[in-house]
Amino acid sequence: MASGVVGADELRRTRGAWPTGVAVVTSGGPGSAPVGLAVNSFTSLSLDPPPVLFCAGLSSTTWLHIRSAGRFLVQMLAADQHDVARVFARSGGDKFSGLAWHRRDGLPELDGSRRR
């Protein structure tokens with residue numbers, strides 16, 4: 001399995017515990033500014049291989065950065081993270097300002113989210 005790729009068992013457990021909600025998709029390499037967007041259209045397509053699907057708006061400039069990076073991190077928000085969902089749902093600006101986060105495998109990870 002390639003580094004950073006989620007295995008079938010972990011993907012099955014994750015999707016089984018998260019029928020719907022809001023997730024944040026983040027990206028940005030170690031030398032680049034972090035970017036992210038809120039999605040409520042996240043689902044897995046299959047377990048092996050483990051591709052996932054999420055939908056971004058056609059006018060989203062954040063999506064262009066995520067696509068060009070070639071990798072991303074999906075973070076499922078908890079019920080008490082409404083404020084985080086609102087931050088990542090807006091257009092433009094530094095969405096990470098004032099939020100606790102760190103890099104995991106070079107990708108921005110929000111503290112307190114369920115990473116997948």
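This is a short tour of a predicted model, from the whole chain down to one pocket. Local features need pLDDT of at least 70, side-chain atom pairs count only at pLDDT 80 or more, and totals for chains, interfaces and linings use all residues. Residues are numbered from 1 along each chain as its sequence is written, and side-chain values use heavy atoms, with hydrogens and water left out.

**Whole chain.** Show the cartoon. You should find three helices and eight strands; helices are DSSP runs of H or I with at least four residues, strands runs of E with at least two, numbered from the N terminus. Their order along the sequence is α-β-β-β-β-α-β-α-β-β-β. Of the 116 residues, 34% are buried (under 20% relative accessible area, 1.4 Å probe, protein chains only).

**Helix 2.** Select residues 61-69, then add Ser60. Ser60 caps the N-terminal end of the helix. One of its side-chain oxygens lies 3.4 Å from the backbone nitrogen of Thr62. Now go to Gly70, just after helix 2: its phi is positive, about 80 degrees.

**Second largest pocket.** Stay with Ser60 and Thr62. Both are among the lining residues closest to the centre of this pocket, with Arg90, Ser91 and Lys95. A pocket here is an open set of points on a 1 Å grid over the protein atoms alone, with protein on both sides within 12 Å along at least five of seven lines; lining residues have an atom within 4 Å of a point. The space comes to about 360 Å³, and 22 residues line it. Select strand 2 (35-39), helix 2 and helix 3 (82-89): each supplies at least two lining residues. Strand 2 gives the most, four.

Methods: Buried means under 20% relative accessible area, exposed over 50%, partly exposed in between (1.4 Å probe, protein chains only). A polar contact is a pair of N or O atoms within 3.5 Å; within protein, one must be able to donate a hydrogen and the other to accept it, and residues adjacent in sequence count only if both atoms are side-chain atoms. On a 1 Å grid over the protein atoms alone, a cavity is a set of points where a 1.4 Å probe fits but cannot get out, and a pocket is an open set with protein on both sides within 12 Å along at least five of seven lines; lining residues have an atom within 4 Å of a point. Grid points are joined across faces, edges and corners, and a volume is the space filled by probe spheres set on the points.
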